[in-house]
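Here is a set of short exercises to work through with the model open beside you. Try each task on your own before reading the solution.

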Amino acid sequence: MLRELFAAGLNVARVTMAHGTRDSQKALIATIREEADAGGYSVAILVDLPGPKVRTTPFVGTVELALNDIVTMIPGAQQPSTASTFVVDYPSLTDDLQVGDVVGIGDGIVHLLIEERTDAALTAKVVHAGQLTGRKGVKIPTERLRANVPTDEDLEMIEALKDSPIDIIAVSFVRSAADMLAVRKVVPAGGPWLMAKIETGLAIENLTEIIKVSDAVMVARGDLGTELPIEDVPHLQKQIIKETVRNGKPVLVATQMLESMIESPTPTRAEATDVANAVFDQASAVMLSAETAIGHDPVLVIKTMDRMLRRAERELDPGRLQAFALEGRDLTDVNVATAHAAWQAANDLTASAILCCTRTGATARKMSSFRPLTPIYAMSGDARARRQLSLCWGVQPLLLTHSQSSTEEVMQAAIGAAKDAGVIKDTNVAVVLAGSPQAGPGHTDSVRVATVS
């Protein structure tokens, strides 16, 4: 199944740590890496930390809840949940929820109105019906949630996975830049990228500061739509994408993109529009969840999304991309200014490729944020950097194995590697970015226009 998913177009494999055992999660990560490498696919592995998200215990089978059904909610971690009793793994449940609260269950699939409260239990009425299965999230208002980010469990997972081949760590329930910095302290330099999941009202308030200390961002629409008014979510999606791209980072859109394809062989018209709009909003990537985790045909889902993305990308307009990339952009940083110069040259000369010589991936990531329609090739000898860049808009990773002592040699080696890979040919114009080898990782100070020969 993994081989088929890679061939269908999967770029990043997300492993959620909220489900399964530690051993099964590590085994899955190892299998993904082994199969991707064997097939020659530069697939990144994204580990999604559970964070302080409150969940029910597993439901017994599939539970169907109807409007006005009465449900009892109790704190606990052992007994399973049923249609009449939700057991919630959160000791202070009856203290932190109040009469009148509307509680979203399972990313808002079901909504419960709290009607009565005692020290031992809550009584709630179903005001939005739906089906529940497995362990489902329970939305506690952020201002009352008693939890730290990262949680002790998150930190234990990071330590347990330090020898696993992961490329990106998604941090759940981020509320401030301090949350991301706390995770950064336990992740070694040159290790996995850190992705901030934007899913709380506080994260929206502190958005710019969070983006600056993160490597990537996720628009986590599930919890975002239960914490804030649902009519705000489309506008918040655009705001988060714009602010992230303006800071030169990749941003992905998640939650219910092709939800109907869990069971159906085709998406709804609204879902097709949602996927296309993520492209038009300039998201770097789109993410599938249950569609591929428990859906009846994961490969068909990937192929369908891939087809819709390619069709939407044919509508991208260079002028709109240019305006989007430059709006509110600070071009005074040397790395950003160099990428901007490369983007301008590639656009003016209708170049065949932009070659980014990069050790850590920073150069290609900056270049990607300018959204050029010219293909971007990330030339790196670092396997993890190449995989991480699979998340970035328009970037295709290529191996650069040579060891060079000067910027000129780096650029020549990149042109040679791109020719060998067949992505550029003689007489093509290529724009090449690099930093001097002595400048250190993440420093891009040179751009060259080359006619390939």
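**Exercise 1. Helix 15**

Task: Find which residues of helix 15 are buried, and say how many of its residues that is.

Solution: Keep in mind that this is a predicted model.
- Step 1. Locate helix 15 at residues 362-369.
- Step 2. List the buried residues of helix 15: Ala 362, Thr 363, Ala 364, Arg 365, Met 367, Ser 368 and Ser 369.
- Step 3. That makes 7 buried residues of the 8 in helix 15, so the helix is mostly covered.
- Step 4. Look at what follows helix 15: Arg 371 has a positive phi, near 55 degrees.

**Exercise 2. Helix length**

Task: Check the lengths of helix 10 and helix 12 against the value expected at 1.5 Å a residue.

Solution:
- Step 1. The expected span is 1.5 Å times one less than the number of residues.
- Step 2. Helix 10 has 12 residues and should therefore span 16 Å.
- Step 3. The end C-alpha atoms of helix 10 are 16 Å apart, in agreement with that value.
- Step 4. For helix 12, with its 16 residues, 22 Å is expected.
- Step 5. From first C-alpha to last, helix 12 reaches 23 Å, which is close to the expected span.

**Exercise 3. Two helices that pack together**

Task: Describe how helix 10 and helix 12 pack: at what angle, and how far apart are their axes?

Solution:
- Step 1. Find helix 10 at residues 269-280 and helix 12 at residues 298-313.
- Step 2. Their axes are 9 Å apart and make an angle of about 50 degrees.
- Step 3. Because of that angle, helix 10 is oblique to helix 12.
- Step 4. The crossing of the two helices is right-handed.
- Step 5. On the helix 10 side, the residues that meet helix 12 are Ala 272, Val 275, Ala 276, Val 279 and Phe 280.
- Step 6. Their partners in helix 12 are Met 305, Met 308, Leu 309, Ala 312 and Glu 313.
- Step 7. Sorted by class, this contact has 9 nonpolar residues, no polar ones and 1 charged residue.

**Exercise 4. What covers the two helices?**

Task: Name the buried residues of helix 10 and of helix 12, then find what packs against them.

Solution:
- Step 1. In helix 10, the buried residues are Glu 271, Asp 274, Val 275, Ala 276, Ala 278 and Val 279.
- Step 2. These pack against helix 8, helix 9, strand 15, strand 16 and helix 12.
- Step 3. In helix 12, the buried residues are Pro 298, Val 299, Val 301, Ile 302, Thr 304, Met 305, Met 308, Leu 309 and Ala 312.
- Step 4. The cover over the buried residues of helix 12 includes helix 1, helix 10, strand 16 and helix 11.
- Step 5. Just past helix 10, notice Gln 282, which takes a positive phi of about 80 degrees.

**Exercise 5. Backbone details in loops**

Task: Is Thr 255 buried or exposed? Look at its phi, and then treat Gln 256 in the same way.

Solution:
- Step 1. Thr 255 is found in the loop between strand 15 and helix 10.
- Step 2. The phi of Thr 255 is near 95 degrees, a positive value in a residue other than glycine.
- Step 3. The relative accessibility of Thr 255 is 14%, so Thr 255 counts as buried.
- Step 4. Gln 256 has its place in the loop between strand 15 and helix 10, and its phi is positive, near 55 degrees.
- Step 5. With 38% relative accessibility, Gln 256 counts as partly exposed.
- Step 6. For another backbone detail, go to Pro 150, in the loop between strand 11 and helix 4. The peptide bond from Val 149 to Pro 150 is cis, with omega near -5 degrees.

**Exercise 6. Distance along the chain and in space**

Task: Which residues does Gln 131 contact, leaving aside its neighbours within four places in sequence? Compare how its distance to Glu 64 looks along the chain and in space.

Solution:
- Step 1. Gln 131 lies in strand 10 and is partly exposed, at 48% relative accessibility.
- Step 2. Gln 131 is in contact with Thr 62, Val 63, Glu 64 and Ile 109.
- Step 3. Along the chain, Gln 131 and Glu 64 are 67 residues apart, while their C-alpha atoms are separated by 4.6 Å.
- Step 4. Now take Ala 129 and Val 279: they are 150 residues apart along the chain, with 31 Å between their C-alpha atoms.

Note on methods
Residues numbered from 1 in each chain as written. Predicted model: local features only at pLDDT ≥ 70, side-chain atom pairs only at ≥ 80, totals over all residues. Heavy atoms only, no water. Axes fitted to C-alpha atoms, helices over the stretch in contact; angles between N-to-C directions. Helix = DSSP H or I, 4+ residues; strand = E, 2+ residues; numbered from the N terminus. Parallel < 35°, antiparallel > 145°, perpendicular 65-115°, else oblique. Left-handed = near helix turned anticlockwise from the far one by under 90°. Contact = heavy atoms within 4.5 Å. Nonpolar A, V, L, I, M, F, W, Y, C, P; charged D, E, K, R; others polar. Buried < 20%, exposed > 50% of the residue type's maximum accessible area, 1.4 Å probe, protein only.
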